[in-house]
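Student: Please give a close account of one part of this structure, and then continue to the parts around the ligand and the sheets. A formal description for a newcomer would be welcome.

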Amino acid sequence: MKELEWFFPEDLAHVPDLLGLKGMVPHGGGTGILKSGTGRINGLIDLSRLPLGYFRALNSKIEIGASQTYSELIKNIRRIDPGHILVKAVGGSANTPLRNRITVGGSIALFPPWSDLMGPLIALGADVSLIGKNKNNVNVAEYASNRDLVKGNLITGVSFELKSRLSYYYRESRTSVDYPAFTVTILLNKPDDAIVDPRVVISGCTGRFKRLDELEEYLKGKSAREIDVTGAVSFLNVDFPSKKNMTPEYLKHLAGVQVERGLESLLKG
Ligand SMILES: Cc1cc2nc3c(=O)[nH]c(=O)nc-3n(C[C@H](O)[C@H](O)[C@H](O)COP(=O)(O)OP(=O)(O)OC[C@H]3O[C@@H](n4cnc5c(N)ncnc54)[C@H](O)[C@@H]3O)c2cc1C
């Protein structure tokens, strides 16, 4: 069995050099690394001693360190906004022991098709902070679409604006602890006013995620009364790969039903 070298940096300044070494990868919770195997890995950079476990709520902005676990994230956001989309989404992911290990940074970097984190972060328009090859903040959707940003960079944290919005989250799974086949995230402002800046995101589809921009365009500027929820589903510009016991057509049908239910509950409920 191959021996893996471990590094335990305590200073972020040491990380870029470590990331430059061949086959060296960050280790967050290790749940994804365990599953995908260590075949192409020569060594691991343990992140637990770096100052990345923070959670800050400053001037309506939320900043979450990459080493926050799913459990810590839920507990911290719940204190500020118990109905927040991340509480609904991440709170239903995996199971308690796993949520105690899975980190925010590892989950953004890996973005598995069953992610409960990425749909909501994309809908929130979150920014990811990086060090390494790129020393920048990038939008999470851009990070998820550009593999060049993943290699050679460490995610140090993620941030987004804290806004009062109605939110809907759905994960398509056979049992509560199952991987979701896809997820639906909807964010809307209060339905008594015209809709401004709606966000509808599906993850687990072809291309890993899709912002339903045609549906968002249809919703924009309308009041709840003006929206034909059943007709809105015809704007579902998303495709799916086939999944266990599910054809692409069936998955698209299911996603349409859930988008319709989500809009119904937010606009009319
Ligand atoms: C049985 C099981 C069920 C699960 N169910 C769900 C579920 O329902 N919903 C859900 O959302 N998730 C679920 N997960 C978690 C998901 O599949 C990943 O395992 C998890 O998101 C990875 O996070 P981690 O912190 O363990 O990352 P790690 O395993 O540590 O790392 C994953 C990848 O990201 C890289 N990485 C780690 N940290 C960083 C960083 N800060 N910057 C850059 N790169 C980094 C690593 O090098 C590696 O390539 C489940 C996991 C398991 C094992």
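Tutor: Strands E11 and E12 make a hairpin, with two residues between them. In the turn, glycine 207 has a positive phi of about 80°. Helices (H or I, at least four residues) and strands (E, at least two) are DSSP runs, numbered from the N terminus. This is a predicted model, in which local features need pLDDT of at least 70 and side-chain atom pairs count only at pLDDT 80 or more, while totals for chains, interfaces and linings use all residues. Residues are numbered from 1 along each chain as its sequence is written, and side-chain values use heavy atoms, with hydrogens and water left out.

The two arms of the hairpin, E11 (residues 199-205) and E12 (residues 208-211), pair in the antiparallel sense over four bridges; strands pair if DSSP finds at least two bridges between them. Valine 201 has arginine 211 in E12 as its bridge partner. Strands of a sheet pair through backbone hydrogen bonds, either parallel or antiparallel.

Antiparallel pairing also occurs in an open sheet of five strands, in the order E4-E5-E8-E6-E7. Strand E4 (55-58) and strand E7 (137-139) stand at its edges with a single partner strand each, so one side of each is left without a neighbour in the sheet. From one strand to the next, the twist averages 25°; axes are lines fitted to C-alpha atoms, for helices over the stretch in contact, and angles run from 0 to 180 degrees between N-to-C directions. At the E7 edge, three bridges join E7 to strand E6 (residues 127-132), and valine 128 stands opposite valine 138 in E7. Helix H3 (residues 70-80) lies across E4, strand E5 (61-65) and strand E8 (153-161), at about 20° to E4; contact here means heavy atoms within 4.5 Å.

E8 also helps to surround the ligand: E8, strand E2 (24-27), helix H2 (31-36) and helix H6 (104-110) each supply at least two residues of the shell. H6 gives the largest share, five residues. The ligand has 32 residues around it, and those that come nearest are Pro26, Gly28, Thr31, Thr103 and Asp116; a residue is near if one of its heavy atoms lies within 4 Å. By class, the shell has 17 nonpolar, 13 polar and two charged residues. Here Ala, Val, Leu, Ile, Met, Phe, Trp, Tyr, Cys and Pro count as nonpolar, Asp, Glu, Lys and Arg as charged, and the others, Gly among them, as polar.

An oxygen atom of the ligand lies 2.8 Å from a backbone N or O atom of glycine 29. A side-chain N or O atom of arginine 171 is 2.9 Å from an oxygen atom of the ligand. The protein buries 88% of the 980 Å² that the ligand exposes when taken alone, with accessible areas from the Shrake-Rupley method with a 1.4 Å probe.

E2 belongs to another open sheet, whose three strands have the order E1-E3-E2 with parallel pairing. Its edge strands are E1 (5-7) and E2, and each pairs on one side only. Three bridges join E1 to strand E3 (residues 43-46), where phenylalanine 7 stands opposite isoleucine 45 in E3.

Key
Polar contact = N/O pair within 3.5 Å; in protein donor to acceptor, adjacent residues only side chain to side chain.
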